[in-house]
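These are my notes from a first reading of a structure that was new to me. I wrote down what I looked up, entry by entry.

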Amino acid sequence: SNHVREKDGMWAVLAWLQILASKNKDESKTLVSVEEITKAHWKEYGRNYYCRYDYEGVDAAKANEMMEALKKKCEELKGKEMKGMTVASAENFEYNDPVDGSVSSNQGINIIFKDGSRIVFR
C-alpha cells in the first residue's frame, strides 16, 4: 500500500476536531473543552487504559514463530476466560481499503474480550 505510515496522530487530531465541533454547535454557549468531554466520558464509561511494549533487537525467527503459533490459536481462544475476562473473538486482522480495494494482511493478532477490552500483538 502507498498510504502514509504512522498516521494515528493525524487521525486522532481529526477525531478530536470532529468531537469538538459536534459538542460546540451553538455559538451562543460557552465552548466545551477537551477536558470537559474527557471527564464526561470517564463518568459514563470509566477510565480507559493503554499500554504499548516495543521489543527491539529480538530474534526475528523466534518472533515470527511466536506470531505463527498465536495465529493458529485464534480459533480456540473464543469463549476462553483469561484472568476473569472472556474472549469474544481472536483474529489475524487484515484491512480492506474501501477506496482502492487493496488488502493489507497480517496487521496484527487482535484478541477482543466481551467487555470491549483488547490485546493486539504485532
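**Entry 1, salt bridges.** I began with Glu 68, which in this predicted model has a relative accessibility of 39% and counts as partly exposed, since that value lies between the 20% limit for buried and the 50% limit for exposed. I then looked for its partner and found that Glu 68 forms a salt bridge with Lys 71, whose closest N atom is 2.9 Å from the closest O atom. Lys 71 is itself partly exposed, at a relative accessible area of 25%. Both residues belong to helix H3, where a spacing of 3 residues amounts to about one turn of the helix. I noted the general background here: an α-helix has 3.6 residues a turn, so residues three or four places apart point the same way.

I asked myself which residue meets Lys 73 in a salt bridge. The partner is Glu 76, at 3.2 Å from N to O, and because these two are 3 residues apart in H3, about one helical turn separates them. For Lys 73 I recorded a relative accessibility of 41%, which counts as partly exposed, and for Glu 76 a relative accessible area of 41%, also in the partly exposed range.

A search of the whole structure gave me 4 salt bridges. Among them is the one between Arg 52 and Asp 54, with the closest N and O atoms 3.0 Å apart. Is Arg 52 buried or exposed? Its relative accessible area is 54%, so I wrote it down as exposed, the cut-off being over 50%.

**Entry 2, the nonpolar core.** I next looked up the largest nonpolar core, which has 9 residues, namely Met 67, Leu 70, Cys 74, Leu 77, Val 87, Ala 90, Ile 109, Ile 111 and Phe 113. Two or more of these residues come from each of helix H3 (60-77), strand E2 (85-92) and strand E5 (109-113), and the largest share, 4 residues, comes from H3. As general background, nonpolar side chains in soluble globular proteins tend to be buried together.

I followed one member of the core, Ile 109, through its contacts, leaving aside residues up to four places away in sequence. Ile 109 touches Met 67, Leu 70, Lys 71 and Cys 74, and its contacts also include Glu 91, Asn 92, Ile 119, Val 120 and Phe 121. Lys 71 therefore appears twice in my notes, as a contact of Ile 109 and as the salt-bridge partner of Glu 68.

**Entry 3, the sheet.** How are the strands ordered in the open sheet? I found 4 strands in the order E1-E2-E5-E6, with antiparallel pairing. The edges are strand E1 (81-82) and E6, each of which pairs on one side only. Helix H3 packs on this sheet and touches E1, E2, E5 and E6, and its direction makes about 125 degrees with that of E2.

I then went through the pairing of E5 with strand E6 (residues 118-121), where 4 bridges join the antiparallel strands. Opposite Ile 109 stands Phe 121 in E6, while Ile 112 stands opposite Arg 118 in E6. The hairpin has 4 residues between the two strands, and in it Gly 116 takes a positive phi near 95 degrees.

**Entry 4, Gly 108 and Ala 12.** I found Gly 108 in the loop between strand E4 (103-104) and E5. At 4% relative accessibility, Gly 108 counts as buried, and, with residues up to four places away in sequence left out, it touches Glu 91, Asn 92, Phe 93, Phe 121 and Arg 122.

For a view across the chain I chose Ala 12, which lies in helix H1 (residues 8-23) and is partly exposed at 37% relative accessible area. From Ala 12 to Gly 108 there are 96 residues in sequence and 20 Å in space, C-alpha to C-alpha. From Ala 12 to Ile 112 there are 100 residues along the chain, and the C-alpha atoms are separated by 22 Å.

**Entry 5, helix H2.** My last check was on the span of helix H2 (residues 34-45): at 1.5 Å a residue its 12 residues should span 16 Å, and the end C-alpha atoms are 16 Å apart, so the two values agree. After H2 comes Gly 46, whose phi is positive, near 90 degrees.

Methods: Residues numbered from 1 in each chain as written. Predicted model: local features only at pLDDT ≥ 70, side-chain atom pairs only at ≥ 80, totals over all residues. Heavy atoms only, no water. Core = buried A, V, L, I, M, F, W, Y, C linked by side-chain atoms within 4.5 Å. Buried < 20%, exposed > 50% of the residue type's maximum accessible area, 1.4 Å probe, protein only. Contact = heavy atoms within 4.5 Å. Expected span 1.5 Å × (residues − 1). Salt bridge = Lys/Arg side-chain N within 4 Å of Asp/Glu carboxyl O. Pairing = 2+ DSSP bridges. Axes fitted to C-alpha atoms, helices over the stretch in contact; angles between N-to-C directions.
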